[in-house]
Each structure stands twice: as C-alpha cells, then as structure tokens.
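The following exercises concern packing and strand pairing in one protein chain. Each task is followed by a solution in steps.

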Amino acid sequence: MINKKQKNLPGIIFLTSFPPKECGIATYSQDLINALNNKFKNSFNTSVCALESGEEHHVYSAEVSKRLNTLDSASFSSISSQINKDPHIQIVMIQHEFGFFNTDHETDFLRLLEDINKPKIMTFHTVLPNPLEGHKLNVKRIASLCSSIIVMTRNAANVLASDYAIPVEKITIIPHGIHLVPHKNKEVLKTKYGLGGRTILSTFGLINSGKSIETSLEALPAIIKEHNNVLFLVIGKTHPTIIKQEGEKYRKMLEKKAKALNLLPHVKFIDMYLPLNDLLKLLQLTDIYLFTSKDPFQAVSGTFSYAMGCGCPIVSTPIPHAREMLSDSTGILIDFQNPEQLTEAVIRILNDEDLKTTLSSNALKKIQSSAWQNVAIAYGNLFKKIDDNVSLLYRTPDIKVDHIKNLTTDFGIIQFCKINNPDPGSGYTLDDNSRAMIALMMHYKLTKEKKDIPLISVYLDFIRFCQKSDGAFFNYVDINKEFSSQNEQVNLEDANGRAIWALGYLLSEGRSLPQVLIIEAENILLKTLPMLTKTNSPRAIAFMVKGLYHWNVYQESMQLVTLINSLSQKLVTMYRKKATPEWEWYEHYLTYGNSVLPEALLCAHLATGNVTYKDIARKTFDFLLDQTYDRAGIRIISNRSWLSKGGKSALFGEQPIDVAYTIIALDTFFRFFGEIYFLQKMKTAFNWFLGQNHLHRIVYNPSTGGCYDGLEESSVNLNQGAESTVTYLIARLTWEKYKTHQTSLIPSSPRNHIEPY
C-alpha cells in the first residue's frame, strides 16, 4: 500500500509480461523491479501493466495495477487513456519483444506509443541485424516515439545505430542483470543435492527446439568415455507457447535420444520452473555450463548471464551476446549444432583444472558489473536524466557479519580472499585483527549478540600474540602462526597505532564485556606505554591518540592525558612546519588514512581541553574534505599516486578503508560540532559503497556481507578481503544511528565529551 509520502513520488509503470506468466521477460521484469525497490527508497513508485494475449488471465501480485490484452484494439486505447489520466505516472517503461504484439496489432502498439503523452523508455530484447525495409521502418518509428532506447549488449547498440540509423545519443546499454551469489563450495552443494562425486554439466531455461539441447546429448558419449562420472542436468519446463503448439514433442524427442545413446545414467531432466534460490545453487555446483542455442540472431540470453554470474565455465554457440562476453579467456565458443566441437571443448576444460579456474574467475570479473544492483543504478540514473523529479535515495543495506565470521579462524581473521573464499595462505595481520575487534565491539554494542564475544576474544588474543617483550607489536603472521619476514621489511608503527586504538576502544566499551577481556586488554596496553612517545609516523601517532582517548574515557588518568598531549604536540609541530594558507596539512602530500589525523587532534582537544588542537583539527579536516569531495560525491586520494602539494592526484585506485576512515572522522566531527554539513558528507561517503562513485557500481556485496577490495578506473576488484570488509562494517555501524537523519541527534553546541562511535 502506498502511503501519503509515497504518493508524491514519481510513478514508473512497466508495460511487460509478468509472473506468474512463465516467460524470460516476465522474470527479467520482476527481477528488475525488485532490484529497483531494493536499491532505492522514497525515490519513485513502480507498478506494472501486464501484457496478456487472448484468454490469458493470470493472478498477479500487488505490483500489477493494469492489464493490456495485446489481441484487443480497444485495450490499447484504454491503457493509453488510463496512463495519461493518472497524475502519479511520470515515466512509462516498456519491455519490448516482437512476439508480444501480434502482426495484426502492430498499428495498435504504435498508436499506443503515440497516444501516451508521457516520457517513454523502450527496452529492446531482440535487435535483428540486416532488417527488411518494413521491419526497419517499424523499429525506427518506435524509437522516434520514445525518449530513450535500452539494449543489453554493445552489439545490439551498434546494430541499432548502423542498420536502423537510430541516433547514438538515444541508445543506452544496460546489461541483463545477474544475481550475486556467495560462491559456496561446489562439493558441499553437490552433496546437498545428492550429486556428490559427479562432474556436472548443465543447461537451463524454458525448453524449446531453439535451444538445440540435442547437440549436447550427441556430444555426451565421447565425453563420458573420458569422464565417466559426468551428469548433464537439463533444467526447466517446456515453454508454455510450445506446449500450446505441439505439447511435449521436443522434450520427448530429447528423452528418446538420451535413451538411444545409452545416456540415462548421465542425463537428468528437471522438468520444473525452479525457485530462484535452487536454480542459483544448481548453477553454482555446475562444473561447465552448456549453451547451444541455434538462433544466430538471439541478441541476449538471461540464462547465459545467470550462469556467468555463478562462476560457471561456459561453452557456447556464437550468438551475439556470447561473442561479446566470451572473450579474454572467459569461455569457449563453438559453431552452431556442432557436437564434435562441444565434445572437444568440454574435455579440454575437464582435463585442465587451471583452465577451468581461469575461465570461472575471468567470467565472474567480466559479468560482475551486471549485478542487478548495478543494473538498478543504471536504470535509476536514466530515470533521473529523463525526469528531474526523480531524486535517487539509496536504501541502506542490512547489517551482516557473515563474511567476517567466514574469514575468522580460532586464531584470527585471515587477511585476503579469492573472490569471497578465504585465502589461508595469505596469513594474518595485526592491522586486520585490530580493526575486526573494533567492528565486532560496535556490532555487540548495537545488537548485544552474545556470539560476538568469542570473536572479540579471538581478535584480542591475536593482538596479545603479536606483542613483543618491549611492548611493541609484530604485524604479519603466516598460516603456520609464525611471524613472517615482512615484519623486518615494513615499518610497523602504523600497525602498532591501530592496535592501541583497538585496545583503547575495547576498554571504553568494556563495562558490557566479560571482565577477563578487560583485564587482558588493559595489561596489553600497560606494556605499550614505554614505547609510545618513540613513535614518529603521523598516522601511528593519530591512532595512538585515539586509543589513549578511549582508554581515558574508560578510566580518567593524568598519565594518559600527558601522553595524549605529548603525542598531539608532534602533530601540531608537523602542521606548523608544513602548512600554508593554500595547504592546511601536516605533510607535503596527502596519502592514505588522512582523516585520522584531524580526528585524532579533535579527540586530543576533548581529552585535554587544548583549543589549539580543536582549531587545527577543524582547519585540516575542512582542507581534506575540499580535496576529496566534488559535486559527484567523494573521490578519495588514489593509491596509484599520492597528492603532492601543488600537484594533482591520480584518479581511480580508491580503497574502501579510506572511505570508512572518512566516515568515522565525519561522525566524530558531527557529534562535536553538530553541523549538518558533516552529516551530509557522511551520507555521501557511505553511498560510495552503494554505487555513488565514478563507476556507478556497488562496492559492498549484500549477498555475502563482504566488501570489494577497490574501485579502479573501469572495474571493481572483486576480492573481499578482511581490510575492506571490516572497515565497511565499521562504516555501516557508524552510519546506523544517522540513516533516518533524526534531528534529535544534532547537538545544540560543541561538546566537551562524545561517546565512542
């Protein structure tokens, strides 16, 4: 039900087939609408005008507000009139397939487009090259009546521009969406589905002769000779239209062929329209996906996209979509209806585990930009371009700690991942375990989830494990729990600072924790005191100041205040030596973790009352924000090349950790100064994770709870390591109290004390 606030939002109506109709475009439209509604809130309202023909009359969900009978001329006129009279409908979104509109009613469809007096967007699911003149004129007329044309591949866009003379500026490429999946262990999934010990080949979709599944059946005998454990899954019901025309003739032919070739132990027909969750799991356990369409003009395939998104190595016939996607070692193309080539390709992959892994990894990297979340962002940006009334507000994802738990052993949190699978060989770091302890402390504070306590204990024990006899810490520990040679090659001051930050934060929240953890943290911290003032790295100093500030919140001490003063004076000295009116900073360059420096000085002011710390903190933080924000959003300092005084920063190479540190600092400044300016910046920074960045792609993966490792010039680093995932969670937990922008959170004047996070 739409509330009063939602009634004022722009309405977008989709003219499309829609479930429960069993049709690829119906499924596509449902996935798209779900993605839009999950990605955005209070941005627009979506509704559906379901396309039906003849005697069709489905029972729909609440999204469907209208029906268009494509075999009834009066229905076209009625729908255009209803849309024009509805003041809430601002944009009409049409999913077009030529089979939707009977040849006798092409004129009715064109008249519908002419009569609707609101902006129209057309998604062409089929684009035929080298069209006959009549077809060409029809498509050109459709395009002329629409504000924008969407296609799903670059090939389709090129065909529209070259063969139909559609203006390039009118065409937008938005790929077919895919569902993000957690990429679980194949063997575990196979066992769950009773397929343990089998090598799985699969294909899926609504069955019809155009899929040429017989090509795969004819290839199987030769494949089985080399790999006797192969099982070919044919997943899907027969297409409803085919059922009406010829019944189960095609399926029966396939079953008969399988029997004749003695393939019954090696072929399984799953005659069902599977729930999405089951389908995605079957694709994840698939060793090779077979796509054998014999239609050379099939522009795009949702089944093909879903298989790529599940990391399946793919052998495919060369439809335009496959030619575009299966390049750069992402799959193998074969000729149409050529079982010999299919046999050769499958055996080649099964005999070469490295090739299989490479094809899977490369396919994932190539298709990941097509995640439904990214498709929703692309559609949303197009809606905004067409209608100024559309304002995109991102929906905040639920808080998840699944991936952090997945990364954590009984010793600590593993450093790196391959996609979302932990890479034990990468070992552990003090850095990651310190940040993980802060994240889980924040999560425990919010949820009081008792399962967090053992994790906090693991991270604390790891910090203690890394402490040397002089109170300082090692950072790098290998998989064998040995300190690695990296500790001798890398400056460890920053890692030491982060450990003190984490320990101090634990103490500041310690009253809710088991006393044994408090005692352990305090003992570790007490051992560090002699080495603190020897630190010279500005970021290490800043982290230490934060940790000492939190410790002092837990138990006020003049010794701690004296240490905070001593360390903070080092930052003040750095600032006074390097700063100019044009360069309000502590160094001659901006590098990583910049926001922790002004934040630490603000914490120092809170602990000591020294106004100089507050003034420098404010000047330098304002300067930093000027360097990292523009109209488009936040663009943090690139790790490709630092920003030198008087120079220009390299673009791209943005790290989630720096966005998270910016959010933490903005939170501290907002809670002290109470200026809405900081809150607005915080929202913009958090939206960077959700797609408000130069690629308009998500950096946080909601299916795993992991965060991607970086944003590059044209791609996202899909690995979801500890650093990125943990710092995202800290940012998400920091943002939790602000996501509804409650004015009661805004202090009336600067504060002398702020609660930790």
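**Exercise 1.** Determine which elements the buried residues of helix α11 pack against.

Solution. The model is a predicted one. Begin with the helix itself, which spans residues 276-284. Its buried residues are L279, L280, K281, L282, L283 and Q284. Next, list their partners: these residues pack against the strands β8 (199-204), β9 (230-235), β10 (267-270) and β11 (288-291), and against the helices α7 (186-192) and α12 (302-309).

**Exercise 2.** Describe how helices α28 and α29 are arranged relative to each other.

Solution. Two packed helices are described by the angle between their axes and the distance between the axes. Helix α28 covers residues 676-690 and helix α29 residues 722-736; their axes come within 11 Å and cross at roughly 140°. Angles over 145 degrees count as roughly antiparallel, and 65 to 115 as roughly perpendicular. The helices α28 and α29 are therefore oblique to each other. The handedness completes the geometry: α28 passes α29 in a left-handed crossing.

Then identify the contact. From α28, the residues L679, M682, K683, F686 and F689 meet Y728, A731, R732 and W735 of α29. By class, the residues of this contact comprise seven nonpolar, two charged and no polar.

**Exercise 3.** Establish the strand order and the edge strands of the open sheet of three strands.

Solution. The order is β14-β15-β16, and the pairing is antiparallel. Strands β14 (414-418) and β16 (476-477) each pair on one side only, which makes them the edge strands. Between β15 (residues 421-429) and β16 there are two bridges. In register, T429 stands opposite Y476 in β16.

Definitions and conventions: Residues numbered from 1 in each chain as written. Predicted model: local features only at pLDDT ≥ 70, side-chain atom pairs only at ≥ 80, totals over all residues. Heavy atoms only, no water. Axes fitted to C-alpha atoms, helices over the stretch in contact; angles between N-to-C directions. Helix = DSSP H or I, 4+ residues; strand = E, 2+ residues; numbered from the N terminus. Parallel < 35°, antiparallel > 145°, perpendicular 65-115°, else oblique. Left-handed = near helix turned anticlockwise from the far one by under 90°. Contact = heavy atoms within 4.5 Å. Nonpolar A, V, L, I, M, F, W, Y, C, P; charged D, E, K, R; others polar. Buried < 20%, exposed > 50% of the residue type's maximum accessible area, 1.4 Å probe, protein only. Pairing = 2+ DSSP bridges.
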